[in-house]
Amino acid sequence: VAANSVAGPSDSTSPSPIAERAQTLTPGGIGSNRGDRYRNDERRNVIENIEEHPFTGVGLGVGWEVHQPLAEAHDRRYVHFAFLWYWLAFGILGAIAYLLLFGSSLWTGMQIWRRHPDQIVQICAIAVFGGIIGLAVVELTATFAGIESRLTILLGALLGWLAAAWQDLPARRTA
C-alpha cells in the first residue's frame, strides 16, 4: 500500500505526485509550479524590502511591501526562507542571531558527541545535530523556528538539553 501511494498505480498514465514535483525541480521546470513561482516572487520582493531596511528590518509582525507582482496572495508577514524572515523582521542582527543559533547548536552537538563520557548522551547529541541540520535544510523553503510554536518549543527543549549535556563534559586539559 505504501509503495502504491508513493509510486502510484502501475497502470496509471499520470505520473505520481513525487515524479511531478521532481520534474518541476529540474532547471527547465522552474516556474511551471505556481507555488515555486510565488516563492521566487516572494524572495525578490523580500530582498527589496531588506535593501530598504537592512539594519532595522521592517519589524516583527509587519507585512513586507510588494514591489513586483506575485503569482499568489499569501500573508505578507511570513517568508518561506527563514534566514530572510529573520533579517526582514529584525534587521541584520536578526539574521546574525539566526546563523549563530544554528551554528552554535551544531558545534555544541558535535562537541558533546565527541567528548561526553556517556554513550547514550553521545547518541542523543548526534541525533540532535542531525535534527538541527534537517531543520536548517527545511527552512530553506519554509520558516518554522520562531514562527510555529510547537516546533519552537521542541527546538528550545533540545537546545536546553544540549546546554545541560554540555555541563557534564569533562574539562579539557590545557598543556
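1. The largest nonpolar core of this predicted model has 26 residues, and among these Val46, Val79 and Ile112 touch the most other members. Two or more residues of this core come from each of helix H3 (34-52), helix H4 (82-90), helix H5 (92-115), helix H6 (119-138) and helix H7 (149-167). H4 gives the largest share, with six residues.

2. Val79, one of the residues that touch the most other members of the core, deserves a separate remark. When its neighbours within four places in sequence are left aside, Val79 is in contact with Glu42, Val46, Trp64, Leu84, Trp85, Leu88 and Thr143. This list includes Val46, which is itself among the core residues that touch the most other members, and it also includes Leu84, Trp85 and Leu88, which are buried residues of H4.

3. H4 can be described in its own right, since its buried residues are Ala82, Leu84, Trp85, Tyr86, Leu88 and Ala89, and the elements against which the buried residues of this helix pack are H3 and H5. After H4 comes Gly91, which has a positive phi, near 80°.

4. Ile50, a residue of helix H3, offers a view of the H3 side. Its relative accessible area is 7%, and because this lies under the 20% cut-off, Ile50 counts as buried. Not counting residues up to four places away in sequence, Ile50 touches Leu84, Trp87 and Leu88. Between Ile50 and Gly91 the C-alpha to C-alpha distance is 7.7 Å, although the two are 41 residues apart in sequence.

5. The second largest pocket holds about 150 Å³ of space, and its lining consists of 14 residues, with Gly61, Val62, Arg77, Tyr78 and Trp85 lying nearest its centre. By residue class, nine residues of the lining are nonpolar, two are polar and three are charged. Trp85 therefore appears in two settings, as a residue that lies nearest the centre of this pocket and as a residue that is buried in H4 under the 20% cut-off for relative accessible area.

6. For the chain as a whole, the secondary structure comprises seven helices and zero strands, which gives the pattern α-α-α-α-α-α-α when read along the sequence. Of its 175 residues, 28% count as buried, while the chain exposes about 11,000 Å², of which carbon and sulfur atoms supply 63%. Among contacts between residues at least 6 apart in sequence, 61% join residues at least 24 apart.

Terms used
Residues are numbered from 1 along each chain as its sequence is written. This is a predicted model: local features need pLDDT of at least 70, side-chain atom pairs count only at pLDDT 80 or more; totals for chains, interfaces and linings use all residues. Side-chain values use heavy atoms; hydrogens and water are left out. On a 1 Å grid over the protein atoms alone, a cavity is a set of points where a 1.4 Å probe fits but cannot get out, and a pocket is an open set with protein on both sides within 12 Å along at least five of seven lines; lining residues have an atom within 4 Å of a point. Grid points are joined across faces, edges and corners, and a volume is the space filled by probe spheres set on the points. Ala, Val, Leu, Ile, Met, Phe, Trp, Tyr, Cys and Pro count as nonpolar, Asp, Glu, Lys and Arg as charged, and the others, Gly among them, as polar. Helices (H or I, at least four residues) and strands (E, at least two) are DSSP runs, numbered from the N terminus. Buried means under 20% relative accessible area, exposed over 50%, partly exposed in between (1.4 Å probe, protein chains only). Contact means heavy atoms within 4.5 Å. Accessible areas come from the Shrake-Rupley method with a 1.4 Å probe; for residues, only the protein chains shown count as cover. A nonpolar core is a set of buried Ala, Val, Leu, Ile, Met, Phe, Trp, Tyr and Cys residues joined through side-chain atoms within 4.5 Å.
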